[in-house]
Each structure stands twice: as structure tokens, then as C-alpha cells.
Amino acid sequence: MSDFDLTGQLVWPGAMLLNDYIAHNVNLLQGCSVIELGSGVGITGILSSRFCHKFVLTDHNDEVIKILEKNVELHASSHAELLVEKLEWGNCEEICNILEKHSSGFDLILGADIYILEFPVHHPIRGFAFTVKKLLEVRGQGECKFILAYVSRAKSMDLVVPNEAKRCGLQITEVVGTRRAVSNLEGVIFEVTL
């Protein structure tokens, strides 16, 4: 069976924004364990693995998982331990599986281009906020943060992610000085905490 969903098989503008932010703030990664939500082809994880202790790349799409595994294999000599895990946002079983394997949690969570233009029955954006909250809770308040690179594609969606984060009891703040144009779109870095 073919997979025609190319979402995770492209490098999106948000990934470019996140990678630029990481490149200018490598101190955020020094010695850290990091998980990325929606890793796509793994560009951010491969870049970050030069600076952190452990990097877990995640995606929900089986075809993307295969691409991630191949890219991790090609970059196995990097400085950090690179791992691939299947994670569909809001899937309690997959979240628990990751947390069982990585019981001490993560120092940092990364994500880029996290937005949903339509709300299917299971509300993926709600699953996303739930997933972030569960990952943040392992370490507790102030011990882990989520860095989100957001690129605006529809003004009607610009408040959905921040509002959903707040609805779940998460604090979301814009990182000062990060708002800029990315591929003719406006991008910004947010920091999300408990």
C-alpha cells in the first residue's frame, strides 16, 4: 500500500526556523536529552545530535518512520544517541511506551510547524497539547520546556495552538526577537512550560 501523505516527508519552513534558532542557541542542548514531536525526515534531530546527549525523533506515519530510521543509520556516528519512536499525538499507549523507555523524561521537547487546518473527529491539536503536557509532567514544573517553531499560514489558526496550550494548563510565551519571515511567511519561536 502506498502512502500519499507527504506531510512528514518534506522540510517545512518551521523546521528551517527551528534549526536556525538551535544553531544560534546550542547552549540549550548541551548535555540534554531531547525529544522532537513530528520529526519528519529528521533534519532537526541530526543537527541537534551534535550538541545534546540523547535525541528521540518521533512521527506517527510508518513511511516517515522508515525514512527516519534510515537517516539515523546514516548519521549513527554523531555525538548523541539518536533514536526513533512511533508517536501519534494523543495516543496514550504510544506516549506510555516512550515514557517507559525513557523513564527519566526529557530536558527539552522540540516541534516545528505544529498546526492543524481541519479538526477531524479525534482533534489532533488537542492530542498534541495533551502529548506535550504528559511529556512535560515527567520532569515537573521548570525542569523541562517545549520549544515550538510556529509559522503562520492562516490568521484564523494563529490562536488555535496557543489557546489549546492554555486550555490544557500550559504556559506559552513568545521568545523575544524570534519573529521573522521564513519562506515569505511569518514565523516565531514559542516556549511552552507547565
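With which side chain does the side chain of Ser152 make a polar contact? In this predicted model, the partner is the side chain of Asp158, at 2.8 Å. Ser152 is found in the loop between β5 and α6. With a relative accessibility of 9%, Ser152 falls under the 20% limit and therefore counts as buried. When residues up to four places away in sequence are not counted, Ser152 touches Asp158, Leu185 and Glu186.

The protein chain has 194 residues, of which 48% are buried. Its secondary structure comes to six helices and eight strands. Read from the N terminus, the order of these elements is α-β-α-β-α-β-α-β-α-β-α-β-β-β. Of the contacts between residues at least 6 apart in sequence, 70% join residues at least 24 apart.

Helix α1 takes in residues 13-24. Its twelve residues should span 16 Å at 1.5 Å a residue, and the distance of 17 Å between the end C-alpha atoms agrees with this. The buried residues of α1 are Pro13, Gly14, Ala15, Leu17, Leu18, Asn19, Tyr21 and Ile22. The elements that cover them include α2, β4 (108-112), β5, β7 (180-182) and β8 (185-193).

One of the residues in contact with α1 residues is Ile147, which lies in strand β5. Ile147 counts as buried because its relative accessibility is 1%. Apart from neighbours within four places in sequence, the contacts of Ile147 are with Leu18, Tyr21, Leu108, Ile109, Leu110, Gly111, Ile189, Phe190 and Glu191. Leu18 and Ile147 are 129 residues apart along the chain, and 8.4 Å separates their C-alpha atoms. Both Leu18 and Tyr21 belong to the buried residues of α1.

Helix α3, formed by residues 62-74, has 13 residues. From the first C-alpha to the last, α3 reaches 19 Å, close to the 18 Å expected at 1.5 Å a residue. Its buried residues are Val64, Ile65, Leu68, Asn71 and Val72. These residues lie on the same side of α3, because the arc they cover around the axis is only 125°. Lys66, Glu73 and Leu74, on the other side of α3, are exposed. Cover for the buried residues of α3 comes from elements including α2 (43-48), β2 (54-59) and β3 (81-86). The N-terminal end of α3 is capped by Asn61, with a side-chain oxygen 2.8 Å from the backbone nitrogen of Glu63.

Two buried residues illustrate the surroundings of this helix. Leu68 lies in α3 itself and has a relative accessible area of 1%, so Leu68 is buried. Outside the neighbours within four places in sequence, Leu68 is in contact with Ser39, Gly40, Val41, Gly42, Leu57, Thr58, Asp59 and Val84. Leu57 and Leu68 are eleven residues apart along the chain, with a separation of 7.6 Å between their C-alpha atoms. Glu85 lies in strand β3. The relative accessible area of Glu85 is 7%, so this residue is also buried. Leaving aside neighbours within four places in sequence, Glu85 is in contact with Val56, Leu57, Thr58, Asp59, Ile65, Asn97, Ile98, Lys101 and His102. Among these contacts, Ile65 is one of the buried residues of α3, while Leu57, Thr58 and Asp59 are also contacts of Leu68.

Internal voids were examined next. Rolling a probe the size of a water molecule over the atoms shows where empty space is left. Two cavities of 30 Å³ or more were counted. The volume of the largest cavity is about 70 Å³. Twelve residues line this largest cavity, and the closest to its centre are Phe128, Ala129, Val161, Ala165 and Leu170. At least two lining residues are supplied by each of α5 (124-139), β5 (145-151) and α6 (160-167). The largest share of the lining, four residues, comes from α5.

Notes
Residues are numbered from 1 along each chain as its sequence is written. This is a predicted model: local features need pLDDT of at least 70, side-chain atom pairs count only at pLDDT 80 or more; totals for chains, interfaces and linings use all residues. Side-chain values use heavy atoms; hydrogens and water are left out. The expected span of a helix is 1.5 Å times one less than its number of residues. Buried means under 20% relative accessible area, exposed over 50%, partly exposed in between (1.4 Å probe, protein chains only). The arc is that of the directions from the helix axis to the C-beta atoms. Contact means heavy atoms within 4.5 Å. A polar contact is a pair of N or O atoms within 3.5 Å; within protein, one must be able to donate a hydrogen and the other to accept it, and residues adjacent in sequence count only if both atoms are side-chain atoms. On a 1 Å grid over the protein atoms alone, a cavity is a set of points where a 1.4 Å probe fits but cannot get out, and a pocket is an open set with protein on both sides within 12 Å along at least five of seven lines; lining residues have an atom within 4 Å of a point. Grid points are joined across faces, edges and corners, and a volume is the space filled by probe spheres set on the points.
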